[in-house]
Amino acid sequence: MIESIRLKNFISHEDTVIELEDGINVFVGNNGAGKSSVIDAITYALYGRHTRELDKNLVRRGSLSSAVSVTFTCGK
């Protein structure tokens, strides 16, 4: 189970930490708020894949690099 996600200069997120609860979690927000970016962050961290055309599109404008960390448990 994914427990938390941290996005640092990832797409539109400057420094975002999301703590997930047990069960179902829902991302709600306006267009452009960064909901899809969270999903891209998870899939990129776990599988090296994202929906953006190029890896450089993952770095927030004005930043030199970006980072994502996903904390999860297995077999809990």
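Okay, let's start in the middle of the fold: the buried residues of helix H1 are covered by, among others, strands S1, S2 and S3, the last of these being residues 67–72. Before I go on, this is a predicted model, so local features need pLDDT of at least 70 and side-chain atom pairs count only at pLDDT 80 or more, while totals for chains, interfaces and linings use all residues. Residues are numbered from 1 along each chain as its sequence is written, and side-chain values use heavy atoms, with hydrogens and water left out.

A word on the labels: helices (H or I, at least four residues) and strands (E, at least two) are DSSP runs, numbered from the N terminus.

So, the helix. Which residues of H1 are buried? They are Ser-37, Val-38, Asp-40, Ala-41 and Ile-42, where buried means under 20% relative accessible area, exposed over 50%, and partly exposed in between, with a 1.4 Å probe and protein chains only. The length checks out too: at 1.5 Å a residue, the 13 residues of H1 should span 18 Å, and the end C-alpha atoms are indeed 18 Å apart. That expected span is 1.5 Å times one less than the number of residues. Right after H1 comes Gly-48, with a positive phi near 70 degrees.

Let me stay with Asp-40 for a moment. This one sits in H1, and Asp-40 counts as buried because its relative accessibility is 2%. What does Asp-40 touch, leaving aside neighbours within four places in sequence? Its contacts (heavy atoms within 4.5 Å) are Phe-10 and Ile-11, plus a run from the other side of the helix in sequence: Arg-49, His-50, Thr-51 and Arg-52.

Phe-10 and Ile-11 bring us to the hairpin. S1 (residues 2–10) and S2 (residues 13–19) pair in the antiparallel sense over six bridges; for pairing, DSSP has to find at least two bridges between the strands. Phe-10 has His-13 of S2 as its bridge partner. There are two residues between the strands, and Ile-11 takes a positive phi near 50 degrees.

Further back in S1 is Ser-4. Buried or exposed? Ser-4 counts as buried, at 13% relative accessibility. Setting aside neighbours within four places in sequence, Ser-4 is in contact with Ile-18 and Glu-19, and also with Ser-69, Val-70 and Thr-71. As a reminder, side chains in a regular strand alternate between the two faces of the sheet.

Now the charges. The count comes to four salt bridges, a salt bridge being a side-chain nitrogen of Lys or Arg within 4 Å of a carboxyl oxygen of Asp or Glu. Arg-6 and Asp-15 meet in one of them, at 2.9 Å, N to O. Lys-8 also forms a salt bridge with Asp-15, with the closest N and O atoms 3.6 Å apart. That makes a network of Arg-6, Lys-8 and Asp-15. How exposed are they? Arg-6 is partly exposed at 37%, Asp-15 is partly exposed at 39%, and Lys-8 is partly exposed at 36%.

Then there is Arg-60 with Glu-14, where the closest N and O atoms are 4.0 Å apart. Arg-60 lies in the loop between H1 and S3 and Glu-14 in S2, so this pair ties together parts that are 46 residues apart in sequence. Arg-60 itself is partly exposed, at 26% relative accessible area.

While we're in that loop, look at Val-59. Val-59 counts as partly exposed at 25% relative accessibility, and beyond its neighbours within four places in sequence Val-59 is in contact with Asn-9, Ile-11, Leu-64, Ser-65 and Ser-66. Ser-66 lies in that loop between H1 and S3 as well, and counts as partly exposed at 29%. Again leaving out neighbours within four places, the contacts of Ser-66 are Lys-8, Asn-9, Phe-10, Leu-58 and Val-59.

Last stop, the surface. Ile-24, Val-26 and Val-28 form a nonpolar patch with about 400 Å² of accessible area together. Patches are made of residues with over 30% relative accessible area and no salt bridge, with like charges joined within 9 Å and nonpolar side chains (Val, Leu, Ile, Met, Phe, Trp, Tyr) within 5 Å; the areas come from the Shrake-Rupley method with a 1.4 Å probe, and for residues only the protein chains shown count as cover. Val-28 is in the loop between S2 and H1 (35–47), and is exposed at 76% relative accessible area.
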